[in-house]
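Grab a pencil and work through these exercises with the structure open beside you. Each one gives a task and then a solution in steps.

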Amino acid sequence: MNLSSLSASSHALAPYGWDEEWADAFAPYAAQGLVPGRVVRVDRGLCDLATPDGVIRADTEYVVPRDPMKVVCTGDWAAVDPEGARPRYVRTLLPRRTAFVRSTSSKRSEGQILAANVDHAVVAVSLAVELDLARIERFLALAWESGAQPVVVLTKADLVPDAVTRAYLVQDVETTAPGVPVVTVSAQDGEGLDVLAAVVSGGTSVLLGQSGAGKSTLANALLGEDVMDVQAIRDVDGKGRHTTTTRNLLLLPGGGVLIDTPGLRGVGLWDAGTGVGQVFSEIQDLAENCRFHDCAHESEPGCAVLDAIEAGELPQRRLDSYRKLLRENQYIVAKTDARVRAELRKDWKRKGAIGKAAMEAKRGRMR
């Protein structure tokens with residue numbers, strides 16, 4: 001494929017998100033005769049890609065790096081061998097615009113990419129079970145950090161028919177997700193699907209959530225057909241078997257593409273300091289009025305955050321969750337950054353000395 005034919009032949013990829021910026025990034029590979037493609041599924045050393053020639057299967061042998069953050073992922077744009085090559089290989093990946101990353105469940109300090117080049121991170125949360133606001137905050141921190149716009153979708157709204165109860169649940173989530181659209185939907189009766197379809201109609205959206213959140217049912221409703229398998233969910237705990245086992249990129253009938261993901265049990269942070277700050281933006285805004293610029297919001301005088309809690313303007317749960325996510329993220333970063341590890345050790349020693357001095361002062365008063 002030469003440069004002069006790239007624009008015409010790439011029109012077939014427009015529904016998958018191909019644009020002038022991707023065309024410019026691909027131009028050097030077009031000059032080499034390679035073909036552009038978007039990864040729609042990855043499977044054990046092979047992947048399916050949407051190309052101007054249709055969906056093809058290619059070998060990923062040449063893009064298996066040591067760094068797990070650079071492995072082929074659903075949503076990637078790639079340069080692929082032209083039609084006629086046997087077998088066809090993915091030769092390189094184009095630089096990602098965004099990437100949704102979480103830490104692996106293993107003890108190794110590694111990140112796992114769940115989706116690449118995503119515009120919207122849709123977090124599905126079931127209303128059929130008790131809301132886990134802390135888990136929502138985790139998802140949102142990773143979503144903000146990815147560079148995508150988060151959206152919270154409250155599924156199975158038909159199971160909460162009482163309007164007042166539902167309004168309280170929505171309010172709780174909106175308070176937990178400042179600056180994030182919150183959409184209530186029911187795939188059963190179609191409520192809210194038109195609103196969500198409008199949100200995801202432009203660009204690429206990744207659908208995230210725990211197993212049992214109704215992601216596969218929601219994906220089928222958006223797609224207008226039963227593409228994803230759906231398993232029954234136990235009424236007693238809202239859980240069921242995973243229905244999605246791979247990450248698949250699917251074209252939406254109203255425009256845009258959707259990446260469905262398996263249910264996530266663990267949502268570990270991965271260098272998401274900026275994302276955590278955005279999730280708890282009200283705390284960071286308050287912190288600007290603290291007396292000390294390095295206020296830890298624990299017992300310092302003139303702490304605007306603690307004053308807000310005392311006045312009932314900020315829930316204690318929010319501050320506790322903020323501290324927890326900051327500590328976790330700092331720990332993850334420290335695993336791979338010697339400077340951060342040194343700063344943490346210094347901070348632990350400082351806090352230890354303060355605690356020791358406080359204990360000695362207490363003993364002195366008791367004598």
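**Exercise 1. Find how strand E6 and strand E7 pair, and say whether E7 is mostly covered or open.**

Step 1: Start with the pairing. Strand E6 (residues 99-103) runs antiparallel to E7, and five bridges link the two. Keep in mind that this is a predicted model.

Step 2: Pick out one bridge. Phe-100 has Ala-115 as its bridge partner in E7.

Step 3: Check the burial of E7. Strand E7 spans residues 111-116, and five of its six residues are buried, which leaves the strand mostly covered.

**Exercise 2. Get an overview of the chain: count its helices and strands, and see how much of it is buried.**

Step 1: Count the elements. The chain has 11 helices and 13 strands.

Step 2: Look at burial. The chain has 367 residues, and 45% of them count as buried. For this step you need the cut-off: buried means under 20% relative accessible area.

Step 3: Turn to the surface. About 19000 Å² is exposed, with carbon and sulfur atoms supplying 50% of that area.

Step 4: See how far apart in sequence the contacts reach. Taking the contacts in the chain with a separation of 6 or more, 65% come from residues 24 or more positions apart.

**Exercise 3. Trace the five-stranded sheet and find its edges.**

Step 1: Write down the order. This open sheet of five strands reads E3-E2-E1-E4-E5, and its pairing is antiparallel.

Step 2: Find the edges. Strand E3 (54-59) and strand E5 (90-93) each have a single partner strand, so one side of each has no neighbour in the sheet.

Step 3: Add the twist. On average, neighbouring strands here are turned by 45° against each other, direction ignored.

Step 4: Zoom in on one pair. Strand E1 (residues 35-43) and strand E2 (residues 46-51) are antiparallel and share five bridges. Arg-38 sits opposite Ala-50 in E2.

Step 5: Place the helix. Helix H2 (residues 20-30) packs on this sheet and touches E1, strand E4 (77-80) and E5. The direction of H2 makes about 25° with that of E4.

**Exercise 4. Trace the six-stranded sheet and the helices that pack on it.**

Step 1: Write down the order. This open sheet of six strands goes E10-E9-E8-E11-E13-E12, with mixed pairing.

Step 2: Find the edges. Strand E10 (182-184) and strand E12 (248-251) are the edge strands, each pairing on one side only.

Step 3: Add the twist. Neighbouring strands of this sheet are turned by 25° against each other on average, ignoring direction.

Step 4: Place the helices. Helix H3 (residues 133-146) packs on the sheet against strand E8 (120-126), strand E9 (149-155) and E11, and its direction makes about 150° with that of E9. Helix H6 (residues 215-223) also packs there, touching E8, E9, E11, E12 and E13, at about 165° to the direction of E13.

Step 5: Look at two parallel pairs. E8 and E9 pair over seven bridges, and Ala-124 stands opposite Val-153 in E9. Strand E11 (residues 204-208) is joined to strand E13 (residues 257-260) by four bridges, with Val-206 partnered by Ile-259 in E13.

Step 6: Check the burial of E9. Six of its seven residues are buried, so E9 is largely enclosed by the rest of the structure.

**Exercise 5. Work out how helices H5 and H6 meet.**

Step 1: Compare the axes. Those of helix H5 (residues 193-200) and H6 come within 10 Å and cross at roughly 80°.

Step 2: Name the arrangement. This crossing makes H5 roughly perpendicular to H6.

Step 3: List the residues. H5 brings Leu-193, Leu-196 and Ala-197 to the contact, and H6 brings Leu-218, Ala-221 and Leu-222.

Step 4: Sort them. The contact has six nonpolar residues, no polar ones and no charged ones.

**Exercise 6. Inspect the backbone at Pro-87, Arg-44 and His-297.**

Step 1: Go to Pro-87, in the loop between E4 and E5. A cis peptide bond joins Arg-86 to Pro-87, with omega about -5°.

Step 2: Go to Arg-44, in the loop between E1 and E2. Arg-44 has a positive phi of about 50° without being a glycine. With a relative accessible area of 84%, Arg-44 is exposed.

Step 3: Go to His-297, in the loop between helix H8 (281-287) and helix H9 (304-310). Phi of His-297, also not a glycine, is positive and near 60°. His-297 counts as buried, at 7% relative accessibility.

Definitions and conventions: Residues numbered from 1 in each chain as written. Predicted model: local features only at pLDDT ≥ 70, side-chain atom pairs only at ≥ 80, totals over all residues. Heavy atoms only, no water. Pairing = 2+ DSSP bridges. Axes fitted to C-alpha atoms, helices over the stretch in contact; angles between N-to-C directions. Contact = heavy atoms within 4.5 Å. Parallel < 35°, antiparallel > 145°, perpendicular 65-115°, else oblique. Nonpolar A, V, L, I, M, F, W, Y, C, P; charged D, E, K, R; others polar. Buried < 20%, exposed > 50% of the residue type's maximum accessible area, 1.4 Å probe, protein only. Areas by Shrake-Rupley, 256 points an atom, 1.4 Å probe, with all protein chains shown as cover.
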